[in-house]
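Subject: Structure handover

Hello,

Here is the structure I promised to pass on. Please open it alongside this message, and then read the notes below.

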Amino acid sequence: MLESLFRIYSLQRPSKNQEKKMRNYIENKIFEEFSEGVYTDSTEINEIIHYCFRLYVNIIHSELSNISSSDLILNLLDDYDKTIEMKKHKRISQNQNVLIDWRKQGPIIRRAIKFMIEDSIINFNDLPKKQVKKQHIDKMIICTEELIKLSMQSESAFALFDDQTTLELKKGQDIYWDLKINNPLIENGIKFPDLSKLYDGKRIIDSDIVVLNELMKNDFINSFGVELNGLWRIIEFLKNEEYDKAKYIKKEILLSNLSNYTGIKMEYISKFYEGFSINAEKMKGEGRDITKPKQEYRLLRRFFVEVTIDSEEYVTWSKGMLNESSLLFLRGLSYKKIPSEWCPSKFNNGLEKVTENLGIWFENLVDNELSKRNVVGRKNLKHRIGTENFEVVIPEKVGEIDYIGFDSKRNELLLIECKMISPALEPKFFRDDYDKFMRDRSKKLGYKSQFKTKINWVEENLDDIKDKFGNQISLNISSSRLRPILLTFYPSIIEAFIKEFEVYTLSEFLEAY
């Protein structure tokens with residue numbers, strides 16, 4: 001169903017015939033090395049995955065040697081912008097079947113385009129133009145998309161549970177390899193967090209430049225000579241530039257234009273640029289590799305693409321990537337992510353303020369929403385539950401109680417833990433969430449165990465807490481049942497792994513209220 005949209009937007013797509021040929025070739029190469037069947041040994045699975053990675057990458061590089069050029073990079077950037085326009089098309093938004101197809105194919109296509117751009121930069125050669133055969137483009141697209149599929153499946157299965165993952169190799173199937181997690185908590189596999197579950201009733205401050213500017217003002221002045229909102233004029237200038245298609249501009253001219261427009265010194269403009277750019281030298285120095293998905297130099301939070309043509313440095317970008325990367329940058333500040341070129345330690349003071357402010361904002365949001373639903377509660381309880389002379393002291397080892405409230409309609413005493421974690425919307429970040437919540441370390445418990453400690457303490461002192469808290473809110477809550485709940489703002493995979501207490505996004509929880 002998406003094929004007609006691909007044609008409408010002239011998105012480069014491989015022919016069905018070439019796709020069949022390449023898939024047969026790849027399948028034959030895999031089964032020359034490995035037997036059909038189910039693999040359970042993690043060492044064997046790892047060997048097969050990396051063999052497939054190398055196979056795909058070698059074919060991609062072989063095809064790139066035939067088609068590498070400055071024009072190829074521009075075409076790929078334009079293709080990325082086309083995918084953004086496609087997402088807005090009414091056929092996707094109004095037709096459920098087309099929407100399902102897009103959710104399956106769209107993320108693969110978009111990630112593949114980014115990978116092809118990055119790889120084209122690393123293996124760049126702007127040889128004299130020759131007629132580019134479509135078969136070379138087709139093969140590169142096919143193998144890159146297969147590479148991305150395997151990478152995403154590996155990151156959401158094998159990278160999380162290498163000892164619980166099986167790999168099945170099947171001949172003559174649409175999918176000739178299949179990774180599955182044998183864990184009863186996630187029998188149907190890990191599902192991507194659903195963005196439709198995101199709370200939208202209030203301005204989200206983790207990407208609010210006004211709030212971020214106020215909290216990080218001094219850090220940006222010390223590093224760039226201007227506040228964040230002054231520096232952000234660079235982004236606004238680029239967004240407002242007349243833009244039809246991606247094009248090259250000499251790097252020195254671009255930086256000079258930005259300095260003249262903003263009045264910011266050239267040394268600071270250059271520093272800003274370095275934090276948002278990728279080039280061959282940076283990526284080669286880092287050892288850019290699909291198997292290392294958290295690397296710095298990727299078209300995720302960066303959008304400037306730099307290449308050397310005739311010994312001169314040129315820059316280009318996709319307007320869609322500019323918009324996405326600038327939003328991710330602002331949001332990243334709330335979770336202590338800063339470009340490595342900017343000397344992140346110089347921003348520690350402001351980043352700590354932002355993180356603290358974000359946690360308080362989320363707790364206030366939960367308190368306000370529950371108050372609208374006639375829940376009588378208290379938030380940010382650090383030392384006691386109750387009043388000063390009629391209280392239950394919270395032990396230091398228990399830690400702060402984010403929220404406790406009484407719902408008279410349901411006769412429930414709500415004990416709520418609020419976690420404003422960074423959105424993990426790609427498989428490569430699933431492990432971060434899993435580690436934060438599920439893994440206990442010698443010096444720090446995971447979030448799950450931290451909340452369990454609070455629940456256990458409340459259960460052990462429940463009658464006393466009901467007495468003191470009931471007195472504080474002037475209600476009789478002695479017969480209420482305790483209901484522990486962990487709330488996140490952004491959707492997360494951890495909902496599938498925690499069964500000891502309820503876990504929801506804020507929007508899911510409020511919807512049920």
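The notes below go from the overall fold to single residues.

**Overall**

Please keep in mind that this is a predicted model. The protein has 513 residues, and its radius of gyration is 26 Å. A compact globule with that number of residues would come out near 24 Å, so the value agrees with a compact globule. Along the principal axes, the C-alpha trace spans about 85 × 65 × 45 Å. The secondary structure consists of 19 helices and 14 strands. Of the 513 residues, 52% are buried.

**Salt bridges**

The count of salt bridges is 36. Start with Lys251, which takes part in two of the pairs described here.

One partner of Lys251 is Glu274, with N to O at 3.6 Å. This pair links distant parts of the chain. Glu274 sits in helix H12 (residues 266–275), and Lys251 in helix H11 (residues 251–262). They are 23 residues apart.

Another partner of Lys251 is Glu313. Here the closest N and O atoms are 3.7 Å apart. This pair also links distant parts of the chain: Glu313 belongs to strand S7, Lys251 to helix H11, and 62 residues separate them.

How buried or exposed are these side chains? Lys251 has a relative accessible area of 13%. The cut-off for buried is under 20%, so Lys251 counts as buried. Glu274, at 23%, is partly exposed. Glu313 is partly exposed too, at 39%.

These residues belong to a wider network of salt bridges. Its members are Lys251, Glu274, Lys282, Glu296, Arg302, Glu306, Glu313 and Glu341. It is worth displaying them together.

One more pair to look at is Lys419 and Glu417. Their side chains meet in a salt bridge, 3.7 Å from N to O. Lys419 is buried, and Glu417 is buried as well.

**Strand S7**

Strand S7 covers residues 312–316 and includes Tyr314. Is Tyr314 buried or exposed? Its relative accessible area is 19%; buried means under 20%, so Tyr314 is buried. Ile253 lies 61 residues from Tyr314 along the chain. In space, their C-alpha atoms are separated by 9.3 Å.

**A negative surface patch**

Which residues gather in a patch of negative charge on the surface? They are Glu33, Asp41, Glu44 and Glu47. Glu44 is found in helix H3, which runs over residues 42–67. With 38% relative accessibility, Glu44 counts as partly exposed. For a sense of distance, take Glu44 and Met283. They are 239 residues apart in sequence, and their C-alpha atoms are 30 Å apart in space.

**The loop between H14 and H15**

Now the backbone. Most residues other than glycine have a negative phi. Two residues in this loop are worth checking against that.

Lys336 has a positive phi of about 65 degrees, although it is not a glycine. Lys336 lies in the loop between helix H14 (319–333) and helix H15 (348–372). It is partly exposed, with a relative accessible area of 41%.

Cys343 also has a positive phi, near 55 degrees, and is likewise a residue other than glycine. Where is Cys343 placed? It is in the loop between H14 and H15. At 33% relative accessibility, Cys343 counts as partly exposed.

**The loop between H7 and S2**

Last, Ala157. This residue is found in the loop between helix H7 (134–155) and strand S2 (165–169). Its relative accessible area is 4%, so Ala157 falls under the 20% cut-off and is buried. Ala157 and Phe489 are 332 residues apart in sequence. From C-alpha to C-alpha, they are 24 Å apart in space.

**Where to look**

For a quick tour, begin at Lys251, with its salt bridges to Glu274 and Glu313. Then go to the negative patch that includes Glu44. Finish with the positive phi values at Lys336 and Cys343.

Best wishes

How values were computed. Residues numbered from 1 in each chain as written. Predicted model: local features only at pLDDT ≥ 70, side-chain atom pairs only at ≥ 80, totals over all residues. Heavy atoms only, no water. Patch = residues over 30% accessible without salt bridge, like charges linked within 9 Å, V, L, I, M, F, W, Y side chains within 5 Å. Areas by Shrake-Rupley, 256 points an atom, 1.4 Å probe, with all protein chains shown as cover. Salt bridge = Lys/Arg side-chain N within 4 Å of Asp/Glu carboxyl O. Lys, Arg positive; Asp, Glu negative; His and termini not counted. Charge placed at Lys NZ, Arg CZ, Asp CG, Glu CD. Helix = DSSP H or I, 4+ residues; strand = E, 2+ residues; numbered from the N terminus. Buried < 20%, exposed > 50% of the residue type's maximum accessible area, 1.4 Å probe, protein only. Rg over C-alpha atoms; globule rule 2.2 N^0.38 Å.
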